Amino acid sequence: MTDTSASSPSSPAAPVAARRPVERTHHHDVVSDPYEWLRDKEDPEVIAHLEAENAYADARTAHLDALRGTLVQEFRDHTLETDLSVPVRRGPWWYLTRTTEGDDYPRFTRVPDTGSLPEVEPGTALDGEQTVLDAQALAAGHEFFSLGGLKPSPDQDLLAYSTDTAGDERFDVTVTDLATGDVLDDTIRGAGYGLAFSTDQQWLFYGRVDDAWRQFQVWRHHLGSPAGEDVLVLQEDDERFSLGFGTSRDGSTLLLMAGSTSTTQWWTLDLAAPESDPVAVTERRPGIEYGVEHAGDRLLIVHNDGHVGFALATAPLADPSAWTTVLAAADGERFEGVDAFAGAVALELRAGGLPAVRVIPRDADGALRIEEIWGISHGGELDAVELGTTHDWDASALRYELTSLLTPATIAEADLATHATSVLRRTPVPHYDPALYVEKRVWATAADGTRIPLSVAMRREVRADGTAPGYLYGYGSYEASMDPSFVPSRLSLLDRGLVVAIAHVRGGGEMGRPWYEQGRLLHKRNTFTDFVAAAEALGDQHLIDPDRLAAEGRSAGGLLMGAVANLAPERFRAIIAGVPFVDALTTILDPSLPLTVGEWEEWGDPLHDPEVYAYMKGYTPYENVRAVEYPAIFASTSLNDTRVFFVEPAKWVARLRETITSDPEERPVLLRCEMVAGHGGRSGRYAKWDQRADELAWLLDQLGATARI
């Protein structure tokens, strides 16, 4: 049970979880865990404890109600609530996404193609516009709602979509007739990610997950038939690997991929012969990663066979394992993927710590003119350029997306013949003047001498005199890059004088493959020390007041938050740890838990390797809390999270409260648990705004920065 008897005159009592020690023994090391009992979400005592935590968080933040309301209003003020996307062409239709003020979820529509890009206005219907899917209507009556996939058929007559109303990332699939709106099939339940039609639209491919939430199967379903008659297309038995799939741009081929952290294998399947077997591109080779793009008359392969930064190769359709490398990444670069069109190939890569796109022209016979490669650039120091959505195989212009810390998401296109670029639409941000702010690259120096990049933004009037409050975000795992992007809610921090920074620490992919390798497995501590070095650099360069620095990380970034709180608690005044992976060793020791076996290539295998066990035990946040003063901590989780179980932050918060010496009045430790949600928290934009306002109001209060400058 949870004890709430101890209290002070000025605040309610924090919940105190009962201690029920459970021992684990690995490699002759015996560990007693008093809070492992909190794992069982079917236990009424566990639910009662989580509800007590929510009540405590409510009480400790009740004085912030007005500020939360102000922040939500600011989020709304910076959002064109009735808005729409740039139309995307699929066959004879242009598809749009519309949002409406007051609605949490969008409406997907389409209009016939009349030969040019439609001129669209928010809130104004176009001639012939049809509703494809109304997500707001589908979400009605559900506390949680998420779309997992949305796939029109090749002739654009049918629509397959999948929905999740629990947050556990198991989806129910529906197929509708777009002309009549009739439901043609809704027999597939509990599917994973991915939907694909056969060429004749009689078959639908979908995924299934196992008990560990690993997508391990791809199935073929005949429309109108019972799901019990579905046929297994591919199964991955190696628990380190998960399956994914998609269709080629010309719609001819299903591309299937099995991937682990360090190895991939691909297959192709002719969608004109949907009952045929998948054909392997090449055999599986440990440590070899590659991606496949169907380029009409050949395959394009982005691979790391002999190339640390990856390389681009071609392969004939008749012999897909016969790769010919045509272009390799330069030092410091990382090729990430390739998109093929009839007249060009678009290469996605990382260069200079940012995502970039280069274009390779093609001859009439499909050959690549490597010597004529050219890049798309807008010249900003923190510009992130990525491929946008271009479905047309015969496209004459390539869509791409541009953003930075101060540049709202921008859809643009580059003419493949002239290389000229034009902006189609920049996301409107009401009441925002970019001239009031500055952004720049800042560098920190890690303990081993490595230079760590930071992306930094601030109000123009904020001086580098060491008095400004600061906010530092980090992640640093899975080779994921936390690139600079425009987030409207950050304006509420900037407009209160905060210096906002992202630390691009090792373990991420920002600076190429070696950057990732230096922050994983037995080098994981570099991620944590890099983040501390970034915090120190902000202070040493007088960009922030070192006593008023907040930090945030989510999921594996939550592990980062727990680790730096243990490593250098004096560097941070407050920490937001979202769905934090803070009991990493316990999780990675248990192969029965979701995703654990596949994670061994990221963190190491502590179950069988005593060196990995000792290394992870030295940094896992839950087991390294110290009896010193810590930052104030706001942890959040969701009861139905299948990626990081709620028990991890629940145990961590209990351990923090019983160990650290901070004054709980000044530096509280709070836990929020969403009782109907998954890894991404609440669903719906207004609910997400409320959740974000809750976190940021607490953070601003801790920093003494609640007033706008």
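These questions and answers walk through parts of a predicted model.

Q: Is helix H9 largely enclosed by the rest of the structure or left open, and how many of its residues are buried?
A: Helix H9 covers residues 596-603, and its buried residues are Thr596, Val597, Gly598, Glu599, Trp600, Glu601, Glu602 and Trp603. Helix H9 is therefore largely enclosed by the rest of the structure, the number of its buried residues being eight of the eight.

Q: Which helices do the buried residues of H9 pack against?
A: Because eight of the eight residues of H9 are buried, the helix is largely enclosed by the rest of the structure. Just after H9 comes Gly604, which takes a positive phi of about 105°. The helices against which the buried residues of H9 pack are H5 (513-517), H7 (556-567), H8 (584-588) and H10 (610-617).

Q: How many bridges join strand S34 to S35, and how many join S35 to strand S37?
A: Strand S35 spans residues 451-459, and eight of its nine residues are buried, so this strand is largely enclosed by the rest of the structure. Strand S34 (residues 437-445) runs antiparallel to S35, and strand S37 (residues 499-503) also pairs with S35 in an antiparallel way. The bridges between S34 and S35 number nine, while those between S35 and S37 number four.

Q: Which residues does Ser455 of S35 stand opposite in the strands S34 and S37?
A: S35 is joined by bridges to S34, and S35 is likewise joined by bridges to S37. Towards S34, the residue that stands opposite Ser455 is Arg441, and towards S37 the residue opposite Ser455 is Ile502.

Q: What phi does Gly449 take in the hairpin of S34 and S35?
A: The two strands of this hairpin run antiparallel, and five residues lie between them. In this hairpin Gly449 takes a positive phi, with a value near 95°.

Q: Which residues have the most contacts inside the largest nonpolar core?
A: The largest nonpolar core has 79 residues. Leu454 can serve as an example, since, leaving aside its neighbours within four places in sequence, Leu454 is in contact with residues including Val442, Trp443, Leu472, Ile502 and Leu538. A second, separate core of 40 residues includes Val500, Ile576, Leu670 and Tyr686. In the largest core, the residues with the most contacts inside it are Leu454, Leu472, Phe531 and Leu538.

Q: Is Glu36 buried or exposed, and which side chain does its own side chain join in a polar contact of 2.7 Å?
A: Glu36 lies in the loop between strand S4 (29-33) and helix H1 (44-60). Its relative accessible area is 19%, and because buried means under 20%, Glu36 counts as buried. Leaving aside its neighbours within four places in sequence, Glu36 is in contact with Val22, Thr586 and Lys651, and the side chain that its own joins in a polar contact of 2.7 Å is that of Lys651.

Q: Which strands are at the edges of the open sheet S30-S31-S32-S33?
A: Four strands form this sheet, and their pairing is antiparallel. An edge strand is recognised here by pairing on one side only, and the two that do so are strand S30 (384-387) and strand S33 (421-426).

Q: Which residue in S31 does Val385 stand opposite?
A: S30 and strand S31 (residues 397-403) pair in the antiparallel sense over four bridges. In this pairing, the residue of S31 that stands opposite Val385 is Leu402.

Q: What phi does Phe310 have, and what phi does Tyr478 have?
A: Most residues other than glycine have a negative phi. Phe310, in the loop between strands S23 (298-303) and S24 (311-316), is buried at 4% relative accessibility, whereas Tyr478, in the loop between strand S36 (470-473) and helix H4 (491-494), is partly exposed at 33%. Neither residue is a glycine, yet phi is positive in each, with Phe310 at about 75° and Tyr478 at about 60°.

Q: What distance separates the C-alpha atoms of Ala614 and Thr403?
A: Ala614 lies in helix H10 and, at 48% relative accessibility, counts as partly exposed. Ala614 and Thr403 are 211 residues apart along the chain, and their C-alpha atoms are separated by 42 Å.

Methods
Residues numbered from 1 in each chain as written. Predicted model: local features only at pLDDT ≥ 70, side-chain atom pairs only at ≥ 80, totals over all residues. Heavy atoms only, no water. Buried < 20%, exposed > 50% of the residue type's maximum accessible area, 1.4 Å probe, protein only. Contact = heavy atoms within 4.5 Å. Pairing = 2+ DSSP bridges. Core = buried A, V, L, I, M, F, W, Y, C linked by side-chain atoms within 4.5 Å. Polar contact = N/O pair within 3.5 Å; in protein donor to acceptor, adjacent residues only side chain to side chain.
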